[in-house]
Amino acid sequence: MLVCIPQVLTPEEIAQLRALLDHAGEAWVDGRVTAGYSGAPVKFNQQIDEQSQVARQCQHIVASALERHPLFISAVLPNVLYPPMFNRYGEGMGFGLHVDGGVRLHPHNGSKLRTDVSGTLFLAEPDSYDGGELQIEDTYGMHSAKLPAGDMVIYPSTSLHQVTPVTRGVRVACFTWIQSLVRDTGHRTLLFDLDNAIQQLNATDADAGARRTLVGTYHNLLRQWSEV
Ligand code: NI
């Protein structure tokens with residue numbers, strides 16, 4: 001399940017992040033410092049040092065925005081959020097086909113986090129650069145995402161994906177991984193569909209008893225499938 005989440009960030013938050021990132025100087029490091037053995041040979045970009053002060057400031061802005069976004073919560077059912085990371089691709093940079101590592105170490109407390117959902121939050125307007133599309137493969141083929149600044153795409157971390165080479169301008173983005181309360185993508189998709197249907201029924205004054213049953217079913221499935 002691939003979901004686009006519009007307006008995760010306000011224009012003010014985007015401006016604040018870009019001001020911090022565009023002046024981050026030596027906090028920008030080679031992206032390969034966090035790549036695994038399969039990703040490293042195909043990864044050509046820069047990212048913000050996870051331990052830097054600027055990373056902490058930017059992580060706080062994004063994590064707070066995600067925590068209050070109902071569509072993100074509904075689609076991801078987050079349990080643990082990996083502290084968001086920030087990258088940029090200048091001309092000629094890209095990231096070839098790869099699958100993200102299945103387990104990561106939390107950079108601040110060393111705990112392990114299973115990557116169920118991957119997310120990319122765009123921080124540059126699409127017309128400010130050429131190329132730099134995020135392409136994600138699922139059972140229905142390859143999907144491309146190049147979204148407005150402030151919008152996010154989330155997809156199962158099991159997916160093969162790549163960032164096509166940038167041919168003009170600079171692509172700046174934030175990315176993260178989430179360990180979901182519900183590990184199985186199929187289960188998460190069912191819960192997301194059910195939640196959407198309930199929200200639509202709530203907006204149409206549908207039969208209250210039937211809606212109560214559906215809400216109960218949602219929570220009973222969540223109880224059955226979630227791990228906390
Ligand atoms: Ni990746």
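**Pocket, nickel site and cores**

By class, 13 nonpolar, 14 polar and four charged residues make up the lining of the largest pocket. The model examined here is a predicted one. In this model, the largest pocket has a volume of about 460 Å³. Its lining comprises 31 residues. Of these, F95, H98, D100, H161 and W177 lie nearest the pocket centre. Six elements are named as giving two or more residues to the lining: β6 (85–89), β7, β8, β10 (117–122), β15 and β17 (171–180). Strand β17 contributes the most, with six residues.

The nickel ion was considered next. Its protein donors are H98, D100 and H161. H98 and H161 each use NE2, while D100 uses OD. The donors lie 2.1 Å from the ion. Along the sequence, their spacing follows the pattern H-x1-D-x60-H. Distant parts of the chain are linked by the pair D100 and H161, which stand 61 residues apart. D100 sits in the loop between β7 (94–98) and β8 (103–105). H161 belongs to strand β15, residues 161–163. Both D100 and H161 are buried. The donors H98, D100 and H161 also appear among the lining residues nearest the centre of the largest pocket.

The nonpolar cores form another part of the picture. The largest nonpolar core holds 45 residues. Within it, I48, F86, L123 and I154 touch the most other members. Helix α2, spanning residues 53–67, gives the most to this core, with seven residues. A second core is separate and has eight residues. Among them are V182, L191, I198 and L222.

I154 shows what such a core residue meets. With neighbours within four places in sequence left aside, I154 is in contact with M1, L2, V3 and I5. Its contacts also include F72, A75 and V76. V117, S118 and G119 are in contact with I154 as well.

A last site is G90, in the loop between β6 and β7. Is G90 buried or exposed? Buried means under 20% relative accessible area. G90 has 16% relative accessibility, so it counts as buried. Beyond its neighbours within four places in sequence, G90 is in contact with V166 and G169. G90 and R171 are 81 residues apart in sequence. In space, the C-alpha atoms of G90 and R171 are 6.6 Å apart.

Technical notes: Residues numbered from 1 in each chain as written. Predicted model: local features only at pLDDT ≥ 70, side-chain atom pairs only at ≥ 80, totals over all residues. Heavy atoms only, no water. Donors = N, O, S within 2.8 Å, 3.2 Å for Na, K, Ca; no water. Helix = DSSP H or I, 4+ residues; strand = E, 2+ residues; numbered from the N terminus. Buried < 20%, exposed > 50% of the residue type's maximum accessible area, 1.4 Å probe, protein only. Core = buried A, V, L, I, M, F, W, Y, C linked by side-chain atoms within 4.5 Å. Contact = heavy atoms within 4.5 Å. 1 Å grid on protein atoms, 1.4 Å probe; cavity = no way out; pocket = protein on both sides within 12 Å on 5 of 7 lines; lining within 4 Å. Points joined across faces, edges and corners; volume = space filled by probe spheres on them. Nonpolar A, V, L, I, M, F, W, Y, C, P; charged D, E, K, R; others polar.
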